[in-house]
Amino acid sequence: MARVIACADQPALSLGDLVQGLNDSGFDPNDEDSFAAVAPLLKGLAANRSFLADIALAELKDRCGRQSLENRYSSQVIMLHRASEKYFIRANFWPSGEDSLFKSSGASPFFYHVPHDHNFSFLTVGYLGPGYWSEYYEYDYAGVTGIPGEKVDLRYVEKSRLEEGKVMLYRAHKDVHNQLPAEKLSVSINIMHASPALPFLDQYRFDVKNCEIAGILTRSSSEALLALAASHGGGNGLDLAESFAAAHPSDRIRYAALRELASAAWDVDAGLEILSRGRTSANAFVAAMSARETARIAANRAWLER
Ligand SMILES: [Fe+2]
């Protein structure tokens, strides 16, 4: 399961103290031990019982101007600090089944009951309330190709919750959790690894009953724009999609480029010809996804050719 970091009670820190401590310590979010070493700083912020309400009030007075600029998440999150591409700090609100927000929105906006891993590491502390529950699993990312339906060696660890003051490290591409609602509204605070590479690193949704990858959660704007480039970008757009298919460092983007080139082809056979390049790729992900897409098109050929 996500690594619990044993951590004694700490004197209360301000948010500025935490940021300074992270910067002074040479905090490296690529390194698991470096994350664990700053646990006392995060626990110190959690001992500060007034800072979050102060920030929330200041944001409301400012009509949430800073959140509008810096927060790419839903209203479940208050962005607390984003100063570099190295890390950011946020607060998360976890409603219970009794809260009106949950009753009106349902579980899905809060990622409850959606078993998933993360394509980034983060350190978290329970700040308020009993804490959300999770059923924790681990898996071996290196042994996975990343195809929906692929069997995964998911190992169940335990069910536990993120109580006030408990510090946990969620390790990228290793820890999986099925997050369940807290019994009462709860708040956690995270130090998150930030990197421009994240949109190209896969995050999976899992079917924990059947031990399978249920889907790829990561979406980058490149994939959406490739569809436009291939179908509506003229010769330049096709050239761009071809260059992405041939040499983009992300196998997910190389496959997406092939898929969109196939989709833009003038007939079904021309599209299948493009996908055949992917099916013979030396990359297992590109080959398997191209084979899936070929099968999907073949199954729907009569409809496509109407
Ligand atoms: Fe999660």
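Two exercises with worked solutions follow, on the overall build of this protein and on one of its sheets.

The model is predicted, so local features need pLDDT of at least 70 and side-chain atom pairs count only at pLDDT 80 or more, while totals for chains, interfaces and linings use all residues. Residues are numbered from 1 along each chain as its sequence is written, and side-chain values use heavy atoms, with hydrogens and water left out.

**Exercise 1.** State what share of the 306 residues of the protein counts as buried, and how its contacts are spread along the sequence.

Solution. Begin with the extent of the C-alpha trace, which spans about 65 × 40 × 40 Å along the principal axes. Of the 306 residues, 49% count as buried, where buried means under 20% relative accessible area with a 1.4 Å probe, protein chains only. Next take the contacts (heavy atoms within 4.5 Å): among those between residues at least 6 apart in sequence, 72% join residues at least 24 apart.

**Exercise 2.** Work out which strands stand at the edges of the sheet that contains β6, β5 and β8.

Solution. Strands here are DSSP runs of E, at least two residues long, numbered from the N terminus, and two strands pair if DSSP finds at least two bridges between them. The open sheet has the order β6-β5-β8, with antiparallel pairing. Because β6 (155-161) and β8 (175-180) each have a single partner strand, they stand at the edges, and one side of each is left without a neighbour in the sheet. As a closing step, look at β5 (residues 133-138), which 6 bridges join to β8; Tyr 136 stands opposite His 177 in β8.

Methods
Buried < 20%, exposed > 50% of the residue type's maximum accessible area, 1.4 Å probe, protein only. Helix = DSSP H or I, 4+ residues; strand = E, 2+ residues; numbered from the N terminus.
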